[in-house]
Structure formats: structure tokens, C-alpha cells
Amino acid sequence: MSLALPIFRGFSDYRVGWLRDDISAGLSIAAVGLPSAIAYPVIAGLPPQTGIYASIAAPIAYAIFGVSRRLIVGPDAGTMTVLAAAMASVAAAMPAATPIDRIALASTLALGVGVICLGASALRLGVLATFLSRPILVGFFAGISLSILVGQIGRMTGMKIVSDGLIPPLLELVAKRDLIHWPTVALTAGMFVVLQAARALRSPIPGPVVVVVLAVTLSALFDFQSHGIAVVGDIPTALPSFSLPLAAGLPLTSLVLGSAAIFLVSFGSGAVTARSFGARTGEAVDANRELIGLGSAQLAAGLFGSFPISFSDSRTAINLSIGGRSQLAGLVSAAALIAVLLFLNDALRILPVAALAAILVSAALSLIDVDELRQIWRISRVEFAFALVTMWGAISFGVLNGVIVAIAGTLVYLLRNMMYPRDALLGRIQGRDGFYKLHRFPEAQAVPGIVIWILQGSLLFFNTDHVRGRLDEITAALPAGTRWFVIDAGAIAQMDSTAVAMLEEVRAELGGRGIALCLAELHAEAKVLLERGGLIERIGPALVFEDLDDALQAFRTAEPKSAANESNRQPGEMR
């Protein structure tokens, strides 16, 4: 069984000497994770205890089934924003005035995400982790950060905001400006300043922990609730209990699509976290096995009254900085949060909502990775443009539709790179072996009578028009006396029937001009395809060569006069 499931891999080769570090790291993870565990559920309209439940159940499940020693799972702002959009989509698909149990809905979506994770692992679809490229993810999270910011207007101002979207809440704020509760605004601003100061001063105590302790202390001293400042209120002292959420009456299509969207963002961003920390610790990241750990954590969250989670940047960073060595740190953090539920409930009850809003605003701003956007701009203007398009999609069309825009952006990006493969004419350099690209090496010269052309990319239906256009340009400018046109197919990984038809047209056109089309270095699959299409027979098997060496030697034999102008050295491989 241990071969089928990565059970307790996070404890492999455990040493007693690690115990102290793991306990210290676990307590620190709990301290850092508690503020976000209480704050993040607000994004999806869920009660605070669901975040604590997620921070208990998910790390326990991941400790059992996860493969990484040090990755920590938990609530994630980006995943919560997509969850909120998915829940809104499900609610919109139901009949008006239908009561919705939001906790049950969130738990059902978590179960859906868990099932998709396990199914993707079984099908070895860990490659989906890289489906959303880094620029696409950076743009997407920058876009949804604005959704989080706008969603906190009511909590920052003490007003009730009923509008949805990005612009309507801002307009409603202006219209209701006389109702702004300024003490709430002042408290939010103060807590936000504390967060930024803690970050700027590199406080040994994380900013969110400072804010929660300070806000609870001030609330106890000055009785904020009596002054109109909203507080969290009662939090159940009961531990999370096993229950199967009732999905009866919920639209299946919306649930599946919502779960898929959450999975793509949760696993896509989580894989970036896993790889970045794996590079620091030297741990290899097996995406297919990580899907089992993440899927198990999602199922646990759903079965214990919570919501979808992801790999947590902040918790994993704390684990590494304190020196956590194994998943025991995750178990310790879960135990610490159980103790908080049982013994610190009264303190959490008076926590001002404004403090949670400040934590969420800070988290939202951290999602806007300006440094990464600058790096993308320096590396590739095209990828930067895709990042901006994805950002615009999340802002203009909403978070859930923003996921669709992100997927579409990824597909367009992939197709664009494949639609315009690079190509070059090859020649020889006197006194040197091999073939060289004429545009890169000014000293390279074309071989008289023979033109050698290389295509660096697959030849498929969506790029044959472009490739045919390039061939038309090249063949129209062929020098007089050209007898052979050789296509170096060594870099053509794939071909299809459209490509076969296009090459047949080129062969016929060149043949009408007395020029033979030749092929060299064909891959086995491409050669079989061309044989089935009859192109090999029409070209002539004698003009299909294993490599460019053979092609040039055959040309020399067939055209001795032309070959005399070429160096007597034997050619080597293309350079």
C-alpha cells in the first residue's frame, strides 16, 4: 500500500533530534496562520471557524498523504477569491429565494476539488501544474487582488455594502459616504500601518500576529463593540466534526465548473510555491504525488466543515525559517489551533472585524507582485502583455471568468509560439565542418546548386499557412542553377495531414521548375505519415536522407560540377 499511496512520506527517516525544531516551527505556523484562518473566510462570506477548521483538518491529512517534508497547506487568499466567485455562480444558477447553506456549499466544492486532484494524479496529469504560466498567474493574482480590496470596503468603513463587482461598491460608498463609521476607518488604518511597519522593520513577530494581539487587547480595554465597531462575535468552541455536506438541489454543472476553476488556480499557484521552496531545500517536487497530498487535504477540509485550501506561502516560509524538519510541524500547528478553539474563544470573540479587513488588504496588496512584473517586462514584452490581459480579464469579467481568460490566454500564448516556428537557410564555412545558419554567420556560404532549409518546430494545421508563406518567399528568390531544395526535418517533431498536403504542393511547384524536393533527418513518426500520404513515393526514396551529410554527398555524386566548388572536407553535424 505504501507503494500506491505516499503515506507518512513527510516523516521518512525521522530523527529524534528534529523534535524540538518541529515543535517550535509548528507553534510559529499556528501563530502566523491564525489571523489568516480567521480573516480569509470573510472573502467568501463564511464564518471564521471554517478557516480554523481548514487549518486543522487539511495539515493533518497532508501530513499523512503528502510527500514533502516542509510544505504546509492552509487557507489562501487567491483560492478564497475563486471560491467566492464559484459560490456566487452556483447561487446564481439556483431558483430565486432558495436558501443556501454556504458552509455546506463551500465544503462540497472542497470535496469536488479533492476528487479532481486524485483523479488528475491517477491519470498522471501533474503537468497541469504548469498549465498556467508564471506570467499568467502573476497577472491573474494582481487582478483578483483588486476584488479582495473592494470586498473589504464595508468592513473598513463600518457600512453595509450590498453591491457586487468592482465599480458598483465604489459608487455605493460615495452615495453612502455620510454613513461611514470613522472610528472603524481609523482602526483599520491603524492596524494596516502596524502591518506595514512590522514588515518594513523585519519584526521577529509576524505582523498579523501583532495586529490580532493588539486589536484584541484594545477591544478588551475600550469595549469597541459598545462604540459601534463590529467584532467577530461568537465562535463555536466545538472541534471540527466529520460530516458529509448535503449537495442535494445544487446545480451539478456549476459545482463541477467551480471545482475545476478552484483546482486549476489552487494547484497552479500551489505548484509554484512547491517548486520555489523545493529549490531552496533541495527537495524534488513530484507533481503527481503532490496531487495525492493536496487532494487528501481538500477532502479532509470538505469532510470537516471547511473550504478548499492550497499550499501556503506564509506558513511554509515560517516553517523553513524556524527550522521545521518534517510534517510533524503541521501536526503541532493543528494541535495548537485546537487549543485556541477550546481555550481562547473569548479573546477571538472580541477581535474587531476592522483588524481582519486590514490583514486582508495587506494580503491583497502582497498578491500584486510588482517585482515579478518588472522581471517579466525585462525578459519578454509578449509575456508581459499576456500578464496584463489576464489581469484585465479578472478585473473586467469577474474572478471566475478571469480563470477562463487565464486559460484562454495560456492557449493563445502556446499557439502563438507554435504558429510561427523559426526557420533558416544553412550553408558551409570554408575550412570548417558542419552546416551553419546563413543569417547568423556572415562567413557562411550557400552550397551552389543546392538549398538547405531548416524548420525549427512542428508542422501542423495551424501553422502550415505561415510555413508555406515562408517557403514561397524563399523559393521565389532561389538563385539560378538551383537543382535541389533540401528540408532539414530534424527539428520537426510532429506533422499532420495538412502538412503533408502543403509539402506536396511545394514539391509539385518546385518540380515544375526543375528543382527536386529532398528531405533529411525525418523523425520516424513523420516519415510513416509521409509514406502513408504517398509523398515519399512521389519525392522518390532516393531523395529522402538520414542526415545532411548523406544529402550533400548524394548531391555531389549527382552534380559533380557543382560539387567541385565545394570543399573536399567531409561535413559534420549542423551547428
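## Overall build

The protein has 24 helices and 8 strands, and the model shown here is a predicted one. Its radius of gyration is 31 Å, well over the 25 Å that the globule rule gives for 575 residues, so the protein is more spread out than a compact globule. Taken along the principal axes, the box filled by its C-alpha atoms comes to roughly 100 × 60 × 50 Å.

## Contacts along the chain

Among the contacts in the protein with a separation of 6 or more, 81% are accounted for by residues that lie 24 or more positions apart.

## Nonpolar cores

In soluble globular proteins, nonpolar side chains tend to be buried together. In this model, the largest nonpolar core holds 96 residues, and those touching the most other members are Ile52, Val82, Leu83, Phe140 and Leu351. Once neighbours within four places in sequence are left aside, Leu351 is in contact with Ile38, Val212, Ala215, Val216, Val231, Val232 and Leu356. A second core, separate and made of 46 residues, includes Leu471, Ile474, Trp484 and Leu548.

## Burial, surface and charge

Of the 575 residues of the protein, 52% count as buried. The area that the protein exposes is about 26,000 Å², and carbon and sulfur atoms supply 62% of this area.

As for charge, the protein carries 41 positive and 41 negative charges, and the mean positions of these two sets are 5 Å apart.

Key:
Residues are numbered from 1 along each chain as its sequence is written. This is a predicted model: local features need pLDDT of at least 70, side-chain atom pairs count only at pLDDT 80 or more; totals for chains, interfaces and linings use all residues. Side-chain values use heavy atoms; hydrogens and water are left out. A nonpolar core is a set of buried Ala, Val, Leu, Ile, Met, Phe, Trp, Tyr and Cys residues joined through side-chain atoms within 4.5 Å. Buried means under 20% relative accessible area, exposed over 50%, partly exposed in between (1.4 Å probe, protein chains only). Contact means heavy atoms within 4.5 Å. Helices (H or I, at least four residues) and strands (E, at least two) are DSSP runs, numbered from the N terminus. The radius of gyration is taken over C-alpha atoms; the globule rule is 2.2 Å times the number of residues to the power 0.38. Accessible areas come from the Shrake-Rupley method with a 1.4 Å probe; for residues, only the protein chains shown count as cover. Lys and Arg count as positive and Asp and Glu as negative; His and the chain ends are not counted. The place of a charge is taken as NZ of Lys, CZ of Arg, CG of Asp or CD of Glu.
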